[in-house]
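Let's take a walk through this structure together. We'll begin with one pairing and work outwards from there.

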Amino acid sequence: QVQLVESGGGLVQAGGSLRLSCTASGRIFSFNVMGWYRQAPGKQRELVAVISGGSTNYADSVKGRFTISRDNAKNTLYLQMSSLKPEDTAVYYCNARQSVVAIVNDYWGQGTQVTVSS
C-alpha cells in the first residue's frame with residue numbers, strides 16, 4: 001500500500017515562508033501526477049499546485065508565491081511557500097496519482113496544518 005507523509009506545517013506570520021514535504025513509500029517517478037491540495041474550514045478542498053513530468057501548474061491564488069518541486073532520489077515532493085497570507089491558512093494534503101491502463105488510483109497523505117497569522 002502506498003503511504004504519503006506530509007510534514008513542515010506550522011504557524012507563521014503574514015509575509016513569512018514555509019516548506020512542506022511529502023515523502024512517499026514508493027518511487028515518485030512511478031506516479032503520473034503529484035500535487036498539493038488544501039482545505040480551509042468550511043470550504044471545499046482545492047488544488048494548489050501539480051507537477052507532471054516536467055510541467056507544473058498553480059492555482060491563480062498562489063502563482064508567484066508557491067513553488068512545487070520533487071526530488072526523485074529522496075522520493076519527496078515539496079511545496080515552497082513564500083509571502084504567506086492569512087488566506088493561505090488550511091490543511092495541506094499531498095496527492096499522488098497512478099494511472100495504469102484504465103485503472104486510476106489516488107493516494108493521499110494525512111495532511112499538515114498551515115496557519116498564517118495577521
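Start with T67: its bridge partner in β8 is Q80. Keep in mind as you look around that this is a predicted model. That bridge belongs to a bigger pairing, since β7 and β8 (residues 76–81) run antiparallel to each other and are joined over six bridges.

Now zoom out a little to the sheet around them. Four strands make up an open sheet, in the order β1-β3-β8-β7, with antiparallel pairing. At the edges you'll find β1 (4–7) and β7, each with a single partner strand, so one side of each has no neighbour in the sheet. On average, neighbouring strands here are turned by 15 degrees against each other, if you ignore direction.

Next, step just off β7 and look at R65. This residue sits in the loop between β6 (55–58) and β7 (66–71). Is R65 buried or exposed? Its relative accessibility is 11%, and because buried means under 20%, R65 counts as buried. Its surroundings are worth a look too: leaving out residues up to four places away in sequence, R65 touches Q80, M81, S82, S83, L84, K85 and D88. You've met Q80 already, as the bridge partner of T67. With S83 there is also a polar contact, as the side chain of R65 reaches the backbone oxygen of S83 at 3.0 Å.

From here, go back to the sheet and pick out β3, because C22 lies in that strand (residues 18–24), while C94 lies in β9 (residues 90–100). A disulfide joins C22 to C94, with the sulfurs 2.0 Å apart. The pair therefore ties together parts of the chain that are 72 residues apart in sequence. A search of the whole structure turns up one disulfide. The torsion about its S-S bond is about -75 degrees, which means the disulfide is left-handed. Both C22 and C94 are buried.

Finally, take in the whole chain. How many helices and strands does it have? The count is zero helices and eleven strands. The radius of gyration is 14 Å, close to the 13 Å that the globule rule gives for 118 residues, so the chain is as compact as a globular protein of that length. Along the principal axes, the C-alpha atoms fill a box of roughly 45 × 30 × 25 Å. Buried residues account for 39% of the 118 residues. Links across the sequence show up in the contacts as well: among those between residues at least 6 apart, 54% join residues at least 24 apart.

Definitions and conventions. Residues numbered from 1 in each chain as written. Predicted model: local features only at pLDDT ≥ 70, side-chain atom pairs only at ≥ 80, totals over all residues. Heavy atoms only, no water. Helix = DSSP H or I, 4+ residues; strand = E, 2+ residues; numbered from the N terminus. Buried < 20%, exposed > 50% of the residue type's maximum accessible area, 1.4 Å probe, protein only. Polar contact = N/O pair within 3.5 Å; in protein donor to acceptor, adjacent residues only side chain to side chain. Contact = heavy atoms within 4.5 Å. Pairing = 2+ DSSP bridges. Axes fitted to C-alpha atoms, helices over the stretch in contact; angles between N-to-C directions. Disulfide = S-S within 2.5 Å. Rg over C-alpha atoms; globule rule 2.2 N^0.38 Å.
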